[in-house]
Amino acid sequence: MGDLVTVIKEFRGRLGDTQQAFANRLGRSLRAVVNYETGRRPTRSVLLSLATLANKTEHSDLRAVFQEAYDATLRGLTRPANDEEQAWGRMIL
């Protein structure tokens, strides 16, 4: 499916969103979306937000790409990276 820059741009295009509208959907700044579309790798939480949004908007092919990128960020982790992840881990266990 290509790199994340291409996939993020494609997703925004499919939604028919401007960069600002897409940023609003994700709860991020316009600058963040511009950064993602010019090569900055989204954080783990952004990848999860992208996967969730793609699922809600019935773009399962893109959801799979975002989910795979999210999963890749988890490989090799031995403990939670922040308080939110720690809380999720406690809830699951």
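Here are some notes on this predicted model, going from the overall fold down to single residues.

1. Overall make-up. The chain has six helices and zero strands. Read from one end of the sequence to the other, that gives the pattern α-α-α-α-α-α. If you were looking for a sheet to orient yourself by, the strand count is zero, so helices will have to serve as landmarks.

2. Size. For 93 residues, the rule for a compact globule puts the radius of gyration near 12 Å, and the chain comes out at 14 Å, which agrees. Along the principal axes, the C-alpha atoms take up a box of roughly 40 × 25 × 25 Å. For a feel of the span, try Thr 18 and Arg 90: they sit 72 residues apart along the chain, and their C-alpha atoms are separated by 38 Å.

3. Burial and contact range. Buried residues make up 35% of the 93 in the chain. Taking contacts between residues at least 6 apart in sequence, 55% of them join residues at least 24 apart.

4. The H1/H5 pair. How do two packed helices get described? By the angle between their axes and the distance between those axes. Here helix H1 (residues 4-15) and helix H5 (residues 60-74) pack at about 145°, and their axes are 11 Å apart. The crossing of H1 and H5 is left-handed. On the H1 side, the residues in play are Leu 4, Val 7, Ile 8, Glu 10, Phe 11 and Arg 14, and they meet Asp 61, Leu 62, Val 65, Phe 66 and Ala 69 of H5. By class, that contact has eight nonpolar residues, three charged ones and no polar ones. When you look at the spacing along H1 and H5, keep in mind that an α-helix has 3.6 residues a turn, so residues three or four places apart point the same way.

5. Phe 11. This one is worth a click. Phe 11 belongs to helix H1 and has a relative accessible area of 0%, so it counts as buried. Which residues does Phe 11 touch, leaving out those up to four places away in sequence? The list is Phe 22, Leu 50, Leu 53, Ala 54, Thr 57, His 59, Leu 62 and Phe 66. Two of these names, Leu 62 and Phe 66, also turn up on the H5 side of the H1/H5 contact. As a distance check, Phe 11 and Ala 51 are 40 residues apart in sequence, with 11 Å from C-alpha to C-alpha.

6. The loop between H1 and H2. Asp 17 is in this loop, ahead of helix H2 (19-26). Is Asp 17 buried or exposed? Its relative accessibility is 11%, so Asp 17 counts as buried. The side chains of Asp 17 and Arg 25 are joined by a polar contact of 2.5 Å. Neighbours within four places aside, Asp 17 is in contact with Arg 12, Phe 22 and Arg 25. Thr 18 lies in the loop too, and its side chain reaches the backbone nitrogen of Ala 21 at 3.0 Å.

7. Ala 32. Helix H3 (residues 30-37) holds Ala 32, which is buried with a relative accessible area of 11%. Ala 32 and Gln 20 are 12 residues apart along the chain, and 9.9 Å separates their C-alpha atoms.

8. Glu 58. Most residues other than glycine have a negative phi. Glu 58 is not a glycine, yet its phi is positive, at about 60°. Where does Glu 58 sit? It is in the loop between helix H4 (44-56) and H5. With a relative accessible area of 72%, Glu 58 is exposed.

9. The C-terminal helix, H6. Of the 10 residues in H6 (residues 83-92), one is buried, so this helix lies largely in the open. Asn 82 caps the N-terminal end of H6, with a side-chain oxygen 3.1 Å from the backbone nitrogen of Glu 84. Glu 84, itself part of H6, is exposed, with a relative accessible area of 51%; the cut-off is over 50%. Between Glu 84 and Leu 53 there are 20 Å from C-alpha to C-alpha, with the two 31 residues apart in sequence.

Methods:
Residues are numbered from 1 along each chain as its sequence is written. This is a predicted model: local features need pLDDT of at least 70, side-chain atom pairs count only at pLDDT 80 or more; totals for chains, interfaces and linings use all residues. Side-chain values use heavy atoms; hydrogens and water are left out. Buried means under 20% relative accessible area, exposed over 50%, partly exposed in between (1.4 Å probe, protein chains only). Helices (H or I, at least four residues) and strands (E, at least two) are DSSP runs, numbered from the N terminus. A polar contact is a pair of N or O atoms within 3.5 Å; within protein, one must be able to donate a hydrogen and the other to accept it, and residues adjacent in sequence count only if both atoms are side-chain atoms. Axes are lines fitted to C-alpha atoms, for helices over the stretch in contact, and angles run from 0 to 180 degrees between N-to-C directions. A crossing is left-handed if the near helix is turned anticlockwise from the far one by less than a right angle, and right-handed if clockwise. Contact means heavy atoms within 4.5 Å. Ala, Val, Leu, Ile, Met, Phe, Trp, Tyr, Cys and Pro count as nonpolar, Asp, Glu, Lys and Arg as charged, and the others, Gly among them, as polar. The radius of gyration is taken over C-alpha atoms; the globule rule is 2.2 Å times the number of residues to the power 0.38.
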